[in-house]
Amino acid sequence: MEKVLLFCDPGIDDSVAIMYALLHPDIELVGIVTGYGNVDQEQATNNAAYLLSLAGREDIPIYAGARFPLSGELAVFYPEIHGENGLGPIQPPDEIKGDLLNFTDLFDVIEQYEGELTIVDVGRLTSLAMAFILGGEVMEKVKQVVIMGGSFLNPGNVTPLSEANFYGDPIAANLVMARGERVTLVPLNVTNYAIVTDRMITDVTQEEFNSFTALIEPVYSYYADAYAVLVPEIEGAPFHDVVALMTLVEPDMFDYAEKPVSVSADPATRGQSIADFRPSAEWEEETPVVRVAMDFVYDRFAKNFVQTMKLGTE
């Protein structure tokens with residue numbers, strides 16, 4: 001059983017990742033850290049609380065993450081992709097259910113599950129960078145860190161060079177690449193191909209399998225329609241954030257390269273993921289190395305997604 005502390009900014013694909021984590025029998029979701037990104041931090045918190053309430057899992061704590069990047073810039077949101085409230089056409093309740101805990105309380109969870117806890121971050125990396133800044137040696141007790149972010153040997157999705165999570169706070173992303181230990185990066189060169197199709201959605205919504213079933217088709221349709229504008233030839237939509245969780249339960253589904261990674265904060269190349277893929281590449285022994293996902297088996301992704309989304313929440 002993989003114990004997971006999920007950093008996110010739901011967002012349609014983040015929300016489906018939360019559903020997936022709650023449904024998968026080999027994942028124990030022990031907490032959610034909500035930050036800005038696809039929506040603002042308050043809306044992200046409401047969305048996470050709404051999904052937990054649908055599953056009857058209000059016992060899972062939510063921690064207040066960052067509201068804007070480390071640079072102090074205003075955050076940019078993407079309602080054309082995720083809807084005004086982050087769940088496409090779904091209007092979640094306005095009020096937060098349960099207690100929103102202080103950010104630093106998450107260090108208690110890391111201490112509690114010392115050596116067992118995986119941090120999965122599928123949003124902007126500001127909150128995770130804050131954890132490294134404030135947490136000190138506590139962060140060394142994390143089993144591993146899995147991040148959905150970056151793009152290697154592949155175009156970006158907000159600029160020709162840059163993926164949204166790295167672009168949203170390149171200072172934070174660079175800090176995490178430098179300070180993190182046992183970091184796995186799941187970038188666009190993998191997640192762009194994690195396409196959920198109409199047929200898969202029909203399969204997981206043919207009957208009421210769980211408390212999320214009624215949400216899946218409308219949020220998918222909104223998301224797929226947005227992607228049809230961005231990528232006219234696409235048949236479905238990529239669910240980037242679910243892929244990061246799959247590295248925990250389907251580890252041999254992926255091919256990896258281990259490289260030092262840095263992130264550009266220069267205005268001209270902001271958010272660009274930088275790694276040396278030359279066969280002759282070398283680096284100093286003490287240089288932090290990141291495990292970068294380079295490829296995956298799509299059929300296994302599709303099968304795992306469908307099987308998990310048809311499981312019950314009880």
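What is the volume of the largest pocket? About 580 Å³. Before we go on, keep in mind that this is a predicted model.

Okay, let's stay with that pocket. There are 32 residues lining the largest pocket, and the closest to its centre are N157, L188, N192, Y227 and H240. If you want to find your way around on the screen, look for α1 (12-23), α3, α6 (164-168), α10 and α11, since those are the elements that give two or more residues each to the lining. As for chemistry, the walls are a mix: 16 nonpolar residues, eight polar and eight charged.

Next, the runner-up. The second largest pocket comes in at about 180 Å³. Who lines it? F132, G136, M139, E140, V142, K143, Q144, V145, R179, G180, E181 and R182 do. Sorted by class, that lining has four nonpolar, three polar and five charged residues.

So much for pockets; now the closed-off space. How many cavities of 30 Å³ or more does a search of the whole structure find? Just one, and about 50 Å³ of space lies in it. Around this cavity you'll see F7, C8 and D9, then V33, T34, G35 and Y36, and finally D121, G123, R124 and S127. Two strands, β1 (2-8) and β2 (27-34), each supply at least two of the lining residues. The class split for the cavity lining is four nonpolar, four polar and three charged.

Hang on to Y36 for a second, because that cavity-lining residue leads us to F77. F77 sits in the loop between β3 (62-64) and α3 (79-82). Once you set aside neighbours within four places in sequence, F77 is in contact with Y36, G37, N38, V39 and D40. Take the last of those: D40 is 37 residues away from F77 along the chain, yet their C-alpha atoms are separated by 7.3 Å. And is F77 buried or exposed? Somewhere in the middle: its relative accessibility is 31%, so it counts as partly exposed.

On to the aromatics, which I had fun with. The count comes to 12 aromatic pairs. One of them is Y223 with F239, an edge-to-face pair at 5.1 Å centre to centre, with 65 degrees between the planes. Why care about where these two sit? Y223 is in helix α10 (residues 213-230), while F239 is in the loop between β9 (237-238) and α11 (240-249), so the pair ties together parts that are 16 residues apart in sequence. Y223 has a relative accessibility of 1%, so it counts as buried. F239 is buried too, at 2%.

That pair also belongs to a bigger group. Ring pairs link Y220, Y223, Y227, F239, F254, Y256, F296, Y298, F301 and F305 into a cluster. You've met Y227 already, as one of the residues closest to the centre of the largest pocket.

Last thing: arginines over rings. R291 lies over the face of Y256, 3.9 Å from the ring centre, and Y256 is one of the cluster members I just listed. There's another case at Y167, where the charged end of R270 sits over the ring, 4.8 Å from its centre.

That's my tour, thanks.

Technical notes: Residues numbered from 1 in each chain as written. Predicted model: local features only at pLDDT ≥ 70, side-chain atom pairs only at ≥ 80, totals over all residues. Heavy atoms only, no water. 1 Å grid on protein atoms, 1.4 Å probe; cavity = no way out; pocket = protein on both sides within 12 Å on 5 of 7 lines; lining within 4 Å. Points joined across faces, edges and corners; volume = space filled by probe spheres on them. Helix = DSSP H or I, 4+ residues; strand = E, 2+ residues; numbered from the N terminus. Nonpolar A, V, L, I, M, F, W, Y, C, P; charged D, E, K, R; others polar. Buried < 20%, exposed > 50% of the residue type's maximum accessible area, 1.4 Å probe, protein only. Contact = heavy atoms within 4.5 Å. Phe/Tyr/Trp six-rings, centres within 6.5 Å; stacked < 30°, edge-to-face > 60°. Lys NZ or Arg CZ within 6 Å of the ring centre and 35° of its normal.
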